[in-house]
Structures are given as structure tokens and as C-alpha cells.
Amino acid sequence: MKSIVALFVCALTATALADAEINETAFKAGRDRIMAMSRTCDENPATAVDQKALKKYLQSNGPAPANGAAHALCITKNLGWQNEDGSVNKPVITEKVKAIFGSVDAKVQQYIEECTEAKATPEDTAEQLLKCYRKHSPKIE
Ligand SMILES: *[C@@H]1O[C@H](CO)[C@@H](O)[C@H](O)[C@H]1NC(C)=O
């Protein structure tokens, strides 16, 4: 179960945002919430994933794991990032981003717009949100 940490928070790529001054307390609290939600989603057979398969997939080293999309949607719904109907809750996401970065500049706003765009299905949208989170998260120890 711990490996989900690696999936969503440890394997962060360095980005321009990595240099930004961030609120580590807020970032770590958000990270812990994602981990907790992933554990919760693993308790339901309909949204549980094989963590090893998911890890390989996220490292572009294997096929999408069974339930991967359902797992992602379960996490984002539990976080309040997506509503029951699958639509993106942009105000909630913007608040989270503000808590971490202190403010939302033009570049961060651009990332929010890209990351919260609705995809073909709620599951696709959820996977995009989590991918964006990994991609744009600050790199901290
Ligand atoms: C950082 O975030 C925490 C939790 O949201 C908050 O309590 C604290 O006041 C924030 N610190 C700063 C410097 O903004």
C-alpha cells in the first residue's frame, strides 16, 4: 500500500514550480490525504488496484492495471476534486493550490485550466488530475 506514495508523490518531476516558495505543511497534508484516499479505495474490490501493476504503468513500463481508472476516480471524488456526477470541482482545486503556493500566478492558473479540463469520461478526467498533480507538484523531501 505504501507504494502509492511513490506513485503520486515521490516520483515527482522537477518543474519550474519546484523552485517556487511553497507551504510544505499544506503540501504534505494534501499528500497524506491522497495516500489515505488510495488506501480507502483499495478496500473496495470495485476500485482496488494491484499497486505493483499501477506502479509499472505509471513508469510507462506496463499496461494499464485493472481498475486503474476506477481507482483514480475514487481518489479524486473522495478528495472533493470531482463531484458525484464526475464534473471537476475547480474551486476546491484552486483553494488547495492556493494553500500550497500562497497565491495563484498566471503560470499556475494556466496549469489549473489545463489540468481541470473535462475529458471524455469522469475516469479519464480523474487520471488527468492525478497525472497533473504528479507533474506539477513541488519537489520536497
Ligand atoms: C501553511 O499551511 C498550513 C495548513 O494549511 C497553515 O496552517 C499555515 O498557516 C500555512 N503557513 C503559512 C506560512 O502560510
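## Helix packing exercises

In this predicted model, the axes of helix α4 (residues 68-79) and helix α7 (residues 122-136) come within 8 Å and cross at roughly 70°. Let's work outward from that crossing.

**Exercise 1.** Classify the arrangement of α4 and α7 as roughly perpendicular or oblique, and say which residues meet.

*Solution.* Start with the angle: the two axes cross at roughly 70°. Angles from 65 to 115 degrees count as roughly perpendicular, and therefore α4 and α7 are roughly perpendicular to each other. Next, look at the residues in contact. On the α4 side they are A69, A70, A72, L73, I75 and T76, and they meet P122, E123, A126, E127, L129 and L130 of α7. Finally, sort them by class: this contact holds 9 nonpolar, 1 polar and 2 charged residues.

**Exercise 2.** Find which residues touch the most other members of the largest nonpolar core, and which element gives the largest share of this core.

*Solution.* The core has 18 residues, and I75, L129 and L130 touch the most other members. These three also appear in the contact between α4 and α7. Now trace the elements: α2, α4, α5 (90-101) and α7 each give two or more residues to the core. The largest share comes from α4, with 5 residues. To finish, zoom in on L129: leaving out residues up to four places away in sequence, L129 touches T76, W81 and C115.

**Exercise 3.** Decide whether α2 is roughly perpendicular or oblique to α5, and describe the contact between them.

*Solution.* The helices α2 and α5 pack at an angle of about 135°, and their axes are 7 Å apart. Since this angle lies outside the ranges for roughly parallel, roughly antiparallel and roughly perpendicular, α2 is oblique to α5. In the contact, A26, F27 and G30 of α2 meet K96, A99 and I100 of α5. By class, that gives 4 nonpolar, 1 polar and 1 charged residues.

**Exercise 4.** List the residues around the ligand and work out which helix gives the most to this shell.

*Solution.* The ligand is surrounded by N23, T25, A26, A29 and A99. Helix α2 (residues 24-42) gives the most, with 3 residues. The shell divides into 3 nonpolar, 2 polar and no charged residues. Two of its names may look familiar: A26 and A99 also take part in the contact of α2 with α5.

**Exercise 5.** Place these contacts in the whole fold: how many helices and strands are there?

*Solution.* The protein has 7 helices and 0 strands. Of its 141 residues, 25% count as buried. Among contacts between residues at least 6 apart in sequence, 64% join residues at least 24 apart.

Technical notes. Residues are numbered from 1 along each chain as its sequence is written. This is a predicted model: local features need pLDDT of at least 70, side-chain atom pairs count only at pLDDT 80 or more; totals for chains, interfaces and linings use all residues. A residue is near a molecule or strand if its C-beta atom, placed from the backbone, lies within 6 Å of it. Helices (H or I, at least four residues) and strands (E, at least two) are DSSP runs, numbered from the N terminus. Ala, Val, Leu, Ile, Met, Phe, Trp, Tyr, Cys and Pro count as nonpolar, Asp, Glu, Lys and Arg as charged, and the others, Gly among them, as polar. A residue is buried if 20 or more other C-beta atoms lie within 10 Å of its own, exposed if 12 or fewer, and partly exposed in between; C-beta atoms are placed from the backbone. Two residues are in contact if their C-beta atoms, placed from the backbone, lie within 7 Å. Axes are lines fitted to C-alpha atoms, for helices over the stretch in contact, and angles run from 0 to 180 degrees between N-to-C directions. Angles under 35 degrees count as roughly parallel, over 145 as roughly antiparallel, 65 to 115 as roughly perpendicular and the rest as oblique. A nonpolar core is a set of buried Ala, Val, Leu, Ile, Met, Phe, Trp, Tyr and Cys residues joined through C-beta atoms within 7 Å.
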